[in-house]
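Biologist: I am new to this structure and would love a close look at one part of it. Could you pick a spot and walk me through its surroundings, step by step?

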Amino acid sequence: PVEISGTSKDFPDLPLTAAGIQKIELMLKDLNNNYYWNGSTWVTSGSDLYFDIGDNSANWNYSVPSPTNTWTDGHSYNIKPKITDYAGNYAYGTLTNFTYDISTPTAYIEYPVDEGYYPSGYPDVINGTGYDYSPGVGIQEVKITIQRESDKSWWDGSSWQGELSGPYWLDANYNGALNQWSTSTLTTWSDGIKYTIKARALDKAGNLQTDFPVAISSNTFTVDWTKPAAAVTSPDTDVNYFPDIQGTASDTSPGEVKEVYVRIWRQDNMYYDESQNDWFSDEYWNLATGTTDWIYSKPTIWANEITYKVTAKSQDKAGNWSLLSSSVTFIVDLSSPISGVSVPVNNSYYRTLSQIQGTTTDNESGGGSGVLVNTNVRIQIYDVSGDKYWRGSVNDWQTVIDTRPATSFTSGNPNTWAY
């Protein structure tokens, strides 16, 4: 305090005559170190020390010299006045105790968290803690304010008000025994909008929090009700190698994809479980690496000439799950197809030969991916005596090695082709 004041009166009352108040003295004691104030500095004393305040009026006042240097933050003090009249009579006033506290309290927001994302219906409460750390004397109240980031408007407890009208500080319920506060003073959140909540504490000495550090007393969060999406992009056909599963995922801004999961089915109705590195009948979702562009790399799980089906799903930071992606089915086929010539017959003689015929197979019944038709069956015709290769037209023989595509293909077991 910058001053100490009080009242005084000398008895008896009229019509009798009182001698009048000669002086008023104060005893100021620092209870933390037992020092006494002598009017200009703190000193030690073996008994209560009183000093003359220099004011003997009925409404007296003592101006504390340099209050910020006189008082010590967090210390408690006793004040007791002593009144002496001109007849030498004296009396003591009431003993008063106070604590000097200039420390600012702090309100902490625990929920919703800073940079958090929340689905429909959340956050359903706003809460946190409040502390008036030593030497503070304790928190008196906590208030919050809510601002909508899209247009900077303020929530007044019942509706949104323009940016220039706020902020509106709304009461929170503070439990001093637990140092906790909460409020149900909530707005109806809107999808795809960011909000900022600030919490402010006021202590019992009247110190008001004016600083709102981010992630402590100021949290910004996003409300996101929209489902994300996921897709498998590779492989998109049968492969002759052990593939990495790749894909994409997305979420409508300001939502963000948190993680992507992959389900891998095998033709014997088993699912791969990365946690146990084995295949089981119960489906299992494996966590992929990455978000908007993701990959699942596990080359040791594939086997030759086996059919697999891969499906993906994603979850955003608000906890919304996507629908399952379209499944991609493919065969891992490391085995080369087999082909043969049936016409002409080996080591035979022909006067004319209008067509060359043969067969080809890729173990389709055993899991092979199959032979692609026509142009993917190629024939090489070599003139042994002339050391030349047929290039596809009359008298078109060249020394450059060449192959020609089959002109017809018939699926079967085996497949047949002709040129």
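Modeller: Happy to! Let us start where the side chains of Ser103 and Asp73 meet in a polar contact of 2.5 Å; such a contact is a pair of N or O atoms within 3.5 Å, where within protein one must be able to donate a hydrogen and the other to accept it, and residues adjacent in sequence count only if both atoms are side-chain atoms. Before going further, please note that this is a predicted model, in which local features need pLDDT of at least 70 and side-chain atom pairs count only at pLDDT 80 or more, while totals for chains, interfaces and linings use all residues. Residues are numbered from 1 along each chain as its sequence is written, and side-chain values use heavy atoms, with hydrogens and water left out.

Ser103 sits in the loop between β9 (96-99) and β10; strands are DSSP runs (E, at least two residues), numbered from the N terminus. With a relative accessible area of 16%, Ser103 is buried (buried means under 20%, exposed over 50%, and partly exposed in between, using a 1.4 Å probe and protein chains only). Setting aside neighbours within four places in sequence, Ser103 is in contact with Asp73, Asp132, Pro135, Asp203 and Asn207, where contact means heavy atoms within 4.5 Å.

One of those partners, Asp132, deserves its own visit. Asp132 belongs to the loop between β12 and β13 (139-148). Asp132 is buried yet has no salt bridge, and Lys204, the nearest side chain of opposite charge, is 8.4 Å away. For a salt bridge, a side-chain nitrogen of Lys or Arg must be within 4 Å of a carboxyl oxygen of Asp or Glu; as for charge, Lys and Arg count as positive and Asp and Glu as negative, with His and the chain ends not counted.

What does the side chain of Asp132 reach at 2.9 Å? That is the backbone nitrogen of Gly138. A polar atom of the Asp132 side chain also lies 3.0 Å from the backbone nitrogen of Val137. Not counting residues up to four places away in sequence, Asp132 touches Asp101, Ser103, Thr104, Pro105, Val137, Gly138, Ile139 and Asp203. Asp203 therefore appears in both lists: Ser103 is in contact with it, and Asp132 touches it.

Note on methods. Helix = DSSP H or I, 4+ residues; strand = E, 2+ residues; numbered from the N terminus.
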